[in-house]
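I sat down with this one today and kept a few notes as I went. Here is what I looked up, in the order I looked.

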Amino acid sequence: MSNTKDIAKAIQLLQKESVVAIPTETVYGLAGNIYSEKAIRSIFELKNRPMYNPLIVHLKSYTELEKVAVNITDKARLLAETFWPGPLTLVLKKQNNISDLITAGKDTVAVRVPNHPVALELLNQLDFPLAAPSANPFGSISPTTAAHVSNYFDSSLVHVLDGGACSQGIESTIVGFEEDQAVLYRAGATPIADIEALVGTLKVFTKDDVAPIAPGMLSKHYAPSTSTIFTEDVEKTLATITRKRVGVVSFCKEYNHPAIHYQKKLSSNGSLEEAANRLYATLHEMDAQPIDVIIVEKVPNEGIGVAINDKLLRASAV
């Protein structure tokens, strides 16, 4: 198997309980039939993902929500109606027929409707939703192109449905509920302020290394294989590094220092949206360079910048 734009082939494989890498607007996902234990186990095995880390279920539309969730609150419905299809995942009480493998044994399921024409065309031709965590080995940089996926997995194991580069470039925001209180589990591509405008101030609970209720809550995640340092002051950090080849990922400024062997700006004009879109592709490119350490610069901590900084902090965790 290899990269292809053939949706019919992807449908055939998914119906046979195989796993297919699919494009979404956020990152590429490693997808399988949510009702197939074989497919779900294959996802965990291919990613080397711990079984305590739950998966996200992808639906074709909001009207499918009751097939996977129960006790859906008014706030949850408002968020789904407003942001779907789009990069917002909701954690809700699950239907009994949703496998504990998907939910890591919890009574909740993470669910969203992706906003990507290829993903939606695929889902609309299937009679089952898809579980689809990011299509990368567990903990490594998320893939935003079909080539990123192919570089991670043997083509004999993973069929890649090529839908071009992901438009958002970082994962969905994840929100759950404690009674009537909305809770942020993962900062992502849907800005927190947009969510709070509808449901009030979010309680923040975004780190759990033992039994995460949602993906993306582990301390170390999205990480390059090259040692990575997250800093607010690139020049000060550069001054502490000796006898090493350094790569710099800056927000929008270019730095000069003899230790810098490779550098990339996330945005040419200070756009946080452009920075999010280019984040993972830039980390992939940087990780492929013959360097000893990557310095990543904190971006303005506002809007989608909150999510970018969250990814960079976890990418640099020891």
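**Entry 1: a hairpin and what follows from it**

I began with the hairpin that joins strand 2 to strand 3 through 6 residues. Before going on, I noted that this is a predicted model. Strand 2 covers residues 20-22, and 3 bridges join it to strand 3 in an antiparallel arrangement. To pin the register down, I looked for the partner of Val20 and found Ala31 in strand 3.

Which strand does strand 3 pair with through 2 bridges? I found strand 8 (residues 130-131), again antiparallel to strand 3. Here Gly32 stands opposite Ala131 of strand 8.

Then I checked how well strand 3 (residues 29-33) is covered, and 5 of its 5 residues turned out to be buried.

**Entry 2: helix 5**

Next I went to helix 5, residues 117-124, and asked which of its residues are buried. My list reads Val118, Ala119, Leu120, Leu122 and Leu123. I also wanted to know what covers them. The cover includes helix 1 (7-15) and strand 2, along with strand 4 (56-58), strand 8 and strand 9 (159-161). Strand 2 and strand 8, both met in my entry above, are thus among the elements over the buried residues of helix 5.

**Entry 3: helix 3 against helix 7**

I turned to the pair formed by helix 3 (residues 74-83) and helix 7 (residues 192-199). Their axes come within 10 Å and cross at roughly 130°. I therefore wrote helix 3 down as oblique to helix 7. The crossing of the two helices is right-handed.

Who makes the contact? From helix 3 I noted Lys75, Leu78, Leu79, Thr82 and Phe83, and from helix 7 Asp194, Ile195, Leu198 and Val199. Sorted by class, the contact of helix 3 with helix 7 has 6 nonpolar, 1 polar and 2 charged residues.

**Entry 4: backbone oddities**

I like to scan the backbone for exceptions. Most residues other than glycine have a negative phi, and most peptide bonds are trans. I stopped at three places.

- Trp84 and Pro85 are joined by a cis peptide bond, with omega about -5°. Pro85 sits in the loop between helix 3 and strand 6 (88-94).
- Glu17 is not a glycine, yet its phi is positive at about 70°. I placed Glu17 in the loop between helix 1 and strand 2.
- Tyr222 is not a glycine either, and its phi is positive at about 55°. Tyr222 belongs to the loop between strand 12 (203-204) and strand 13 (227-231).

Is Tyr222 buried or exposed? Its relative accessible area is 1%, so I marked Tyr222 as buried. Glu17 has a relative accessible area of 33%, so I marked Glu17 as partly exposed.

**Entry 5: the open sheet**

Further along the chain I looked at an open sheet of 4 strands, in the order 13-16-14-15, with parallel pairing. Which strands stand at the edges? They are strand 13 and strand 15 (260-265), each with a single partner strand, so one side of each has no neighbour in the sheet. On average, neighbouring strands of this sheet are turned by 20° against each other, direction ignored.

For one pair I looked at the bridges: strand 14 (residues 246-250) and strand 15 run parallel and are joined by 5 of them. Val246 has Ile260 of strand 15 as its bridge partner.

Two helices lie across strands of this sheet, and I noted each in turn. Helix 9 (residues 272-287) lies across strand 14, strand 15 and strand 16 (293-297), and runs at about 165° to strand 15. Helix 10 (residues 305-315) lies across strand 13 and strand 16, and runs at about 140° to strand 13.

**Entry 6: Lys207**

My last stop was Lys207, in the loop between strand 12 and strand 13. The relative accessibility of Lys207 is 53%, so I counted this residue as exposed. What does Lys207 contact, leaving aside its neighbours within four places in sequence? I found Met217 and Ser219. I also took the separation from Glu81, which is 126 residues away along the chain: the C-alpha atoms of Lys207 and Glu81 are 27 Å apart.

Conventions
Residues are numbered from 1 along each chain as its sequence is written. This is a predicted model: local features need pLDDT of at least 70, side-chain atom pairs count only at pLDDT 80 or more; totals for chains, interfaces and linings use all residues. Side-chain values use heavy atoms; hydrogens and water are left out. Axes are lines fitted to C-alpha atoms, for helices over the stretch in contact, and angles run from 0 to 180 degrees between N-to-C directions. Angles under 35 degrees count as roughly parallel, over 145 as roughly antiparallel, 65 to 115 as roughly perpendicular and the rest as oblique. A crossing is left-handed if the near helix is turned anticlockwise from the far one by less than a right angle, and right-handed if clockwise. Contact means heavy atoms within 4.5 Å. Ala, Val, Leu, Ile, Met, Phe, Trp, Tyr, Cys and Pro count as nonpolar, Asp, Glu, Lys and Arg as charged, and the others, Gly among them, as polar. Buried means under 20% relative accessible area, exposed over 50%, partly exposed in between (1.4 Å probe, protein chains only). Two strands pair if DSSP finds at least two bridges between them.
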